[in-house]
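Please open the model in a viewer and keep the sequence beside it. The tour below proceeds from one selection to the next.

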Amino acid sequence: MAITKKIKGLSEAEQQCYKDNGYLLTGRPLFAKEKFDQLYGIFEEHLANKGELGADQLDVPHFKDARLFDYLMADEVLDVVEGLIGPNIGLWSSHFICKEPRVGKRTPWHEDSAYWQGRFDSFDKVVTVWLAIDPSFKENGCMGVVPGTHKNGFSEYADIDGSKATFDTEIKTTVNEEDVVWFELEQGHYSLHDSRIIHGANANNSEHRRTGYTMRYFSNDLVLNKEHPGNQTHKIYHCRGENKGNNPLIYL
């Protein structure tokens with residue numbers, strides 16, 4: 001029987017692919033099944049206890065549920081992240097994003113960096129790990145990206161109808177869907193994308209729920225703007241390495 005070598009982090013070819021295109025699909029699960037199943041159960045608890053929040057509004061759940069740090073700080077994740085942004089890693093945010101069957105709104109084309117403009121001195125070392133809590137495919141509103149658009153990161157935006165979308169602005173540039181790479185993921189698999197890449201998602205028009213857990217990291221070589229209003233109460237955490245940007249990290 002052939003022995004499969006365990007992959008730690010990313011290969012050099014995968015790192016280069018991410019650098020060139022602004023995203024990466026590895027085709028691998030992030031966690032072992034037992035560990036993933038435990039995370040799945042935690043998500044179901046948050047969904048059941050969401051109260052007045054929408055299913056897509058379970059933002060920064062780690063602020064109130066310390067169990068999530070077992071995943072956010074896990075070597076399985078940080079080894080991958082280190083291959084993209086280097087060894088000095090901070091946790092920026094996490095978010096359970098759930099699109100319920102038939103009722104999910106579309107996610108407009110946008111760059112994460114545009115919504116965080118002014119909060120860091122640079123956005124070249126901010127990465128999102130998107131973990132498929134449910135299977136993610138085109139019919140249930142999987143994410144799509146426009147490869148190579150991470151080299152800008154600050155498009156012009158226009159107002160849109162927020163009743164049909166997850167927020168009320170969208171890039172002015174028309175996206176040719178023939179250029180889009182759709183992130184169809186098996187349950188437990190993950191994608192990676194640069195904070196500056198143009199991405200979005202269609203509404204969930206299927207009978208199947210679509211949930212992702214976004215885990216966002218930044219290099220502590222970057223400097224957080226401590227005077228920015230959005231940074232006044234936002235908590236960021238030390239994950240690994242040095243704090244070269246002298247950022248206000250929380251150490252666990």
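Which side chain of opposite charge is nearest to Glu111, and how far away is it? Select Glu111 to begin: the residue is buried (under 20% relative accessible area, with exposed meaning over 50% and partly exposed in between, for a 1.4 Å probe and protein chains only). Glu111 has no salt bridge (a side-chain nitrogen of Lys or Arg within 4 Å of a carboxyl oxygen of Asp or Glu). The nearest side chain of opposite charge is that of Arg196, 9.1 Å away, where Lys and Arg count as positive, Asp and Glu count as negative, and His and the chain ends are not counted.

Before continuing, please note that this is a predicted model, in which local features need pLDDT of at least 70, side-chain atom pairs count only at pLDDT 80 or more, and totals for chains, interfaces and linings use all residues. Residues are numbered from 1 along each chain as its sequence is written, and side-chain values use heavy atoms, with hydrogens and water left out.

**Stop 1: around Glu111**

Glu111 is placed in the loop between β4 (107–110) and α5 (112–115). Helices (H or I, at least four residues) and strands (E, at least two) are DSSP runs, numbered from the N terminus. Now add Ser155 and Tyr157 to the selection. The side chain of Glu111 makes a polar contact of 2.7 Å with the side chain of Ser155, and a polar contact with the side chain of Tyr157 is also 2.7 Å. A polar contact is a pair of N or O atoms within 3.5 Å; within protein, one must be able to donate a hydrogen and the other to accept it, and residues adjacent in sequence count only if both atoms are side-chain atoms. Contacts of any kind (heavy atoms within 4.5 Å) can be displayed next. Leaving aside neighbours within four places in sequence, the residues in contact with Glu111 include Gly153, Phe154, Ile171, Ser195, Ile197, Ile198 and His199.

**Stop 2: the whole protein**

Zoom out to view the full chain. The protein has five helices and 14 strands. Its radius of gyration, taken over C-alpha atoms, is 17 Å, close to the 18 Å of the globule rule (2.2 Å times the number of residues to the power 0.38) for 252 residues, so the protein is as compact as a globular protein of that length. Along the principal axes, the C-alpha trace spans about 55 × 45 × 40 Å. Of the 252 residues, 52% are buried. Among contacts with a separation of 6 or more, 82% are between residues 24 or more positions apart.

**Stop 3: salt bridges from helix α2**

How many salt bridges does the structure hold? There are 16 salt bridges. Select Glu76 and Lys35, whose closest N and O atoms are 3.4 Å apart in a salt bridge. This pair links helix α4 (residues 75–85), which holds Glu76, with helix α2 (residues 33–48), which holds Lys35, across 41 residues. Glu76 counts as partly exposed at 31% relative accessibility, and Lys35 counts as partly exposed at 22%.

Select Arg209 and Glu44 next: they form a salt bridge with closest N and O atoms 3.0 Å apart. Arg209 lies in the loop between β11 (199–201) and β12 (210–219) and Glu44 in helix α2, so this pair ties together parts that are 165 residues apart in sequence.

**Stop 4: helix α4 and strand β13**

Select Arg240 and Glu82, whose side chains meet in a salt bridge of 2.8 Å, N to O. Arg240 is in strand β13 (residues 236–240) and Glu82 is in helix α4, 158 residues apart. Salt bridges with shared partners join Asp75, Asp79, Glu82 and Arg240 into one network. Arg240 counts as buried at 19% relative accessibility, whereas Glu82, at 31%, counts as partly exposed. The buried residues of α4 include Val77, Leu78, Val81 and Leu84. Just after α4, Gly86 takes a positive phi of about 95°.

**Stop 5: two further loops**

Which loop holds Val60? Val60 lies in the loop between β2 (58–59) and α3 (69–72). Its phi is near 40°, a positive value in a residue other than glycine, and Val60 is buried at 18% relative accessible area.

Finish at Asn246, in the loop between β13 and β14 (249–250). Asn246 has a positive phi of about 50° although it is not a glycine, and at 56% relative accessibility Asn246 counts as exposed.
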